[in-house]
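Here is a walk through one protein chain, taken a feature at a time. Keep the 3D view open and follow along.

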Amino acid sequence: MSLSEPPVNADGEWEIDERALEAIALGAGVLGTGGGGSPYLGWLRVRRQLRLGRRVAVVRLDDLDPDALVIPTSGIGAPTVGIEKIERGTECLSAVEAIEDLLGRAAAAVMTDEIGGANALEPMLVACHKGIPVVDADGMGRAFPEVQMTSFFIYGLEPYPTALCDEKGNKVLFPRADSAEWLERAARAVTIQMGCHAGMAGPPMSANRAQEVAIPGTVRRAWRLGRAVLEARSGRTDPIAALLDAGPGVALFVGKIVDVDRRTTEGFAKGSVALEGLDSSAGDRCVIEFQNENLVCRVNDEVRATVPDLICVIESETGTPVSTEELRYGSRVTVVCLGAPAELKTDEALDVVGPRAFGLEADYRPL
């Protein structure tokens, strides 16, 4: 089987089995750039549904009727909380159903807001329960910490209606929102009251509108990245080299974690991680700043990469992505950078997801 394309049936559907799910979860961890929640927990939840006989099918947007209703869904909150406060597993399903109830119309498909981390898998849980497909697209091509940082809103989609739901069944619906930035502030405040983690759904859109505002092919990209690492492990070859080839990407630094400053504040995991160089990076020092996701990588105080390019911390021996909540002193890691999707590198996108949108004193230089 080619690394470039997964198998599809005569209807254009790609049915996810356990092997493909493992690859997607691993690749989503890479695309999470440190955030998006633990893909391991998401993988466990979806795998359980597959073993119960439920089905996950992935479709392209152009395989749907142009008027088909697509509802994006994902988790919202601090990734560090997502490990300690285990989901019930129905939060996103309840949020999607709240949107359907408001519209008086059932979704034809679901899509993730961000392909990075566990949020690549949240729509699959919804798809299992509702018997509808998952769209091979998202709004980020990676993970970002704030609601307005999606191609949906960058390219003109109205930020409503949107729904939040927690593990207790509490629901909050935003039938209107003045702007995506206002929705971020309001939804973040609600999420904090829900325990810093909740399921989120919306805004709904037609398949035709999704083609205009979404980033296509991101589930497949996660699969390709994960499959490359899994095949390298199986063949006992270098998983970092395989990942960089599949990315494509470059290695920025090889080293050992020597310090982690991490705190949960304002509903985010914020902080930095410092590394001492090993092998080709011996004698150098690297510092990465993060807000859920890795934002900037500096080597010897020189900026080497920034958002929206994907700065990923990877275990050097196994090729396993390391999220911000999993950073540990002494871990030997390789910092890699993958290029951002074209949709995130326009002037209008950089105003929202570029380094200065995060308060960083740096200009974006494409990988």
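Strands here are DSSP runs of E at least two residues long, and they are numbered from the N terminus, as helices are. One more thing before we start: this is a predicted model.

## The big enclosed space

Let's begin inside. How many cavities of 30 Å³ or more are there? The count comes to three. The largest cavity holds about 420 Å³ of space, and 34 residues line it. If you want to find its centre on screen, go to Gly 75, Ile 76, Gly 77, Glu 114 and Asn 119, which are the lining residues nearest to that point.

Which element supplies the largest share of that lining? It is β3, with four residues. Strand β3 covers 69–77. Also giving at least two residues each are α2 (39–51), α3 (79–84), α6 (151–154) and β9 (197–201). As for chemistry, the lining of this cavity splits into 13 nonpolar, 13 polar and eight charged residues.

## The open pocket

Now for a space that isn't closed off. The largest pocket has a volume of about 330 Å³, with 19 residues around it. Nearest its centre are Ala 25, Leu 26, Pro 39, Tyr 40 and Thr 320. Two or more lining residues come from each of α1 (18–31), α2 and α9 (218–235).

Helix α1 is the top contributor to the pocket, with four residues. Helix α2 turns up twice in this tour: it gives at least two residues to the lining of the largest cavity, and two or more to that of the largest pocket. The pocket lining divides into eight nonpolar, eight polar and three charged residues.

## A seven-stranded sheet

Further along the chain there's an open sheet of seven strands, paired antiparallel. Reading across, the order is β16-β15-β14-β13-β12-β18-β17. The edges are β16 (302–306) and β17 (310–315), each with a partner on one side only. Ignoring direction, neighbouring strands are turned by 35° against each other on average.

Zoom in on one pair from this sheet. Strand β14 (residues 285–291) and strand β15 (residues 293–299) run antiparallel and are joined by six bridges. Within that pairing, Cys 286 sits opposite Val 299 of β15.

## Odd backbone spots

Which peptide bonds are cis? One runs from Gly 202 to Pro 203, with omega near -5°. Pro 203 belongs to the loop between β9 and β10 (205–206). Another joins Val 307 and Pro 308, where omega is about 5°. That proline is in the loop between β16 and β17, the two edge strands of the sheet.

Positive phi values outside glycine are worth a look too. Cys 196 has a phi of about 70°, and its place is the loop between α7 (180–193) and β9. Asn 300 has a phi near 50° and lies in the loop between β15 and β16. Cys 196 is buried, with a relative accessible area of 15%, while Asn 300 is partly exposed at 43%.

## Cysteines without partners

How many disulfides does the structure hold? Zero. A disulfide is a covalent bond between the sulfur atoms of two cysteines, and here the cut-off for calling one is 2.5 Å between the sulfurs.

So why is Cys 92 not in a disulfide? The closest cysteine sulfur to that of Cys 92 belongs to Cys 165, and at 8.9 Å it is too far for a bond. Cys 92 is also buried, with a relative accessible area of 3%. Cys 196 is unpaired because the closest cysteine sulfur, in Cys 92, is 16 Å away, too far for a bond.

## Far in sequence, brought together

One last stop: Val 135, in strand β5 (residues 134–135). Is Val 135 buried or exposed? It is buried, with a relative accessible area of 0%. Pair it up with Val 70: the two valines are 65 residues apart in sequence, and their C-alpha atoms are 8.3 Å apart in space. Val 70 falls within the range of β3 (69–77), the strand that gives the largest share of the cavity lining.

Terms used:
Residues numbered from 1 in each chain as written. Predicted model: local features only at pLDDT ≥ 70, side-chain atom pairs only at ≥ 80, totals over all residues. Heavy atoms only, no water. Pairing = 2+ DSSP bridges. Axes fitted to C-alpha atoms, helices over the stretch in contact; angles between N-to-C directions. 1 Å grid on protein atoms, 1.4 Å probe; cavity = no way out; pocket = protein on both sides within 12 Å on 5 of 7 lines; lining within 4 Å. Points joined across faces, edges and corners; volume = space filled by probe spheres on them. Nonpolar A, V, L, I, M, F, W, Y, C, P; charged D, E, K, R; others polar. Buried < 20%, exposed > 50% of the residue type's maximum accessible area, 1.4 Å probe, protein only.
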